[in-house]
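Please go through this structure with the briefing below. It takes one site first, then the fold, then single positions.

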Amino acid sequence: MKLIEAKDYEEMSAKAAEYLANKIHTSKKITLGLATGGTPEGTYRNLIEDYMQNDTSYRHVTTFNLDEYVGLAGDHPNSYRYFMNKKLFDHIDIQKSNTYVPRGNARDIKQECLDYEKLLEDKSGIDLQLLGIGSNGHIGFNEPGTPFDSKTHVVELTPSTREANARYFSSLEQVPTKAISMGIATIMKAREILLLVSGEKKSEALAQLLEGDITEKNPVSVLKKHLNVTIIADHAALAAKK
Ligand code: F6R
């Protein structure tokens, strides 16, 4: 794993956007795996700026998001589809039909998981997967204890994850209890992974990744088995590293 240090959240976001924009510029066709949440927001802001300033085109880009809340339609302001539209897709020239997010309001959620996994395979997989981590080490919504061989599946969100995400909802009760998430095996199939980590709250999880064992108790630790991982972490996130 390659570690790139950044001063703070802004610098991490700028470096991540530069990394992604460079891949987008130099590829004829590329499939990106994308994440939501606070971590990549600054990166997306920088990508929009780059799009406006440098005419970076996204006509050749396909995207697959990691996860979506069960029960929320794509036009729900708290859905991850809505987040992606508002924070990135609406501002660049990507074809919306090339952007995929699991459908949280699908009638048959289990079938939706199977279909999503199949679609990913049919589209030849992910070239570059962008990841954040939860303070408990989750990636996507794969909470501690998720088998490393898991594919896209329905997840029961832990109380700590629901609490962490309650900041986007009007109350904790409004936070869905389930989500659809790419599995750990799905994520590991990406040909390259870019992990972003910012803030003190993530420092234990990052130290565990850098210094701890590979264990299903700490989902992010699986990245040690991947041959092409770059981590961009800010100083606060690196504080617990020995
Ligand atoms: C979101 C996702 C999650 C987040 C993680 C960190 O698509 O996959 O694993 O990356 O929960 O969230 P933030 O960035 O809000 O701290």
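**Briefing on a predicted model**

Leaving out residues up to four places away in sequence, Asn 136 touches Glu 143, Pro 144, Ser 160 and Ala 205. The model is predicted. Asn 136 sits in the loop that joins strand S6 (128-131) to strand S7 (153-156). UniProt, in an unreviewed entry, lists Asn 136 under "active site", together with Asp 67, His 138 and Glu 143.

**The listed site**

- Is Asn 136 buried, exposed or partly exposed? Asn 136 counts as partly exposed, because it has 18 C-beta neighbours inside 10 Å.
- Glu 143 is also placed in the loop between S6 and S7.
- Glu 143 has 20 C-beta neighbours inside 10 Å, so it counts as buried. The cut-off for buried is 20 or more.
- Beyond its neighbours within four places in sequence, Glu 143 is in contact with Asn 136, His 138, Val 155, Thr 158 and Thr 161. Two of these contacts, Asn 136 and His 138, appear with Glu 143 in the UniProt "active site" listing of the unreviewed entry.

**Around the ligand**

- Which residues come nearest to the ligand? They are Ala 35, Gly 37, Gly 38, Thr 39 and Gly 132, out of 13 residues around it.
- By type, the shell around the ligand holds eight polar residues, four nonpolar ones and one charged one.

**Overall fold**

- The protein has seven helices and ten strands. Its radius of gyration is 17 Å, close to the 18 Å from the globule rule for 242 residues, so the protein is as compact as a globular protein of that length.
- Along the principal axes, the C-alpha atoms fill a box of roughly 45 × 40 × 35 Å.
- Buried residues make up 41% of the 242 in the protein.
- Among contacts with a separation of 6 or more, 80% join residues 24 or more positions apart.
- An unreviewed UniProt entry gives residues 10-226 as "domain: Glucosamine/galactosamine-6-phosphate isomerase". Over residues 10-226, helix accounts for 35% of the chain and strand for 15%. The end C-alpha atoms of that stretch are 27 Å apart.

**Nonpolar core**

- In soluble globular proteins, nonpolar side chains tend to be buried together.
- The largest nonpolar core here has 58 residues. Which members touch the most others? They are Leu 131, Leu 194, Leu 195 and Val 197.
- Outside its neighbours within four places in sequence, Leu 195 is in contact with Leu 131, Ile 133, Leu 223, Val 229 and Ile 231.

**Lys 178 and His 91**

- Lys 178 belongs to strand S8 (residues 178-181). With 15 other C-beta atoms within 10 Å, Lys 178 is partly exposed.
- Setting aside neighbours within four places in sequence, Lys 178 is in contact with Val 70, Val 154, Val 155, Glu 156 and Leu 157.
- How far apart in space are Lys 178 and Arg 191, 13 residues apart in sequence? From C-alpha to C-alpha, they are 28 Å apart.
- His 91 lies in the loop between helix H3 (80-87) and strand S5 (99-100). Its 16 C-beta neighbours inside 10 Å make His 91 partly exposed.
- Apart from neighbours within four places in sequence, His 91 is in contact with Ile 48 and Tyr 51.
- His 91 and Leu 72 are 19 residues apart along the chain, and their C-alpha atoms are separated by 23 Å.

**Positive phi outside glycine**

- Asp 55 is a residue other than glycine, yet its phi is positive, near 55°. Asp 55 is in the loop between helix H2 (38-54) and strand S3 (61-65).
- Why does Asp 55 count as exposed? Asp 55 has 8 C-beta neighbours inside 10 Å, and the cut-off for exposed is 12 or fewer.
- Ser 124, not a glycine either, has a positive phi of about 70°. Ser 124 is in the loop between helix H4 (109-122) and S6.
- Ser 124 is exposed, with 11 other C-beta atoms within 10 Å.

Definitions and conventions
Residues numbered from 1 in each chain as written. Near = placed C-beta within 6 Å. Nonpolar A, V, L, I, M, F, W, Y, C, P; charged D, E, K, R; others polar. Helix = DSSP H or I, 4+ residues; strand = E, 2+ residues; numbered from the N terminus. Rg over C-alpha atoms; globule rule 2.2 N^0.38 Å. Contact = placed C-beta atoms within 7 Å. UniProt positions renumbered as here; feature names shortened; annotations may be inferred. Core = buried A, V, L, I, M, F, W, Y, C linked by C-beta atoms within 7 Å.
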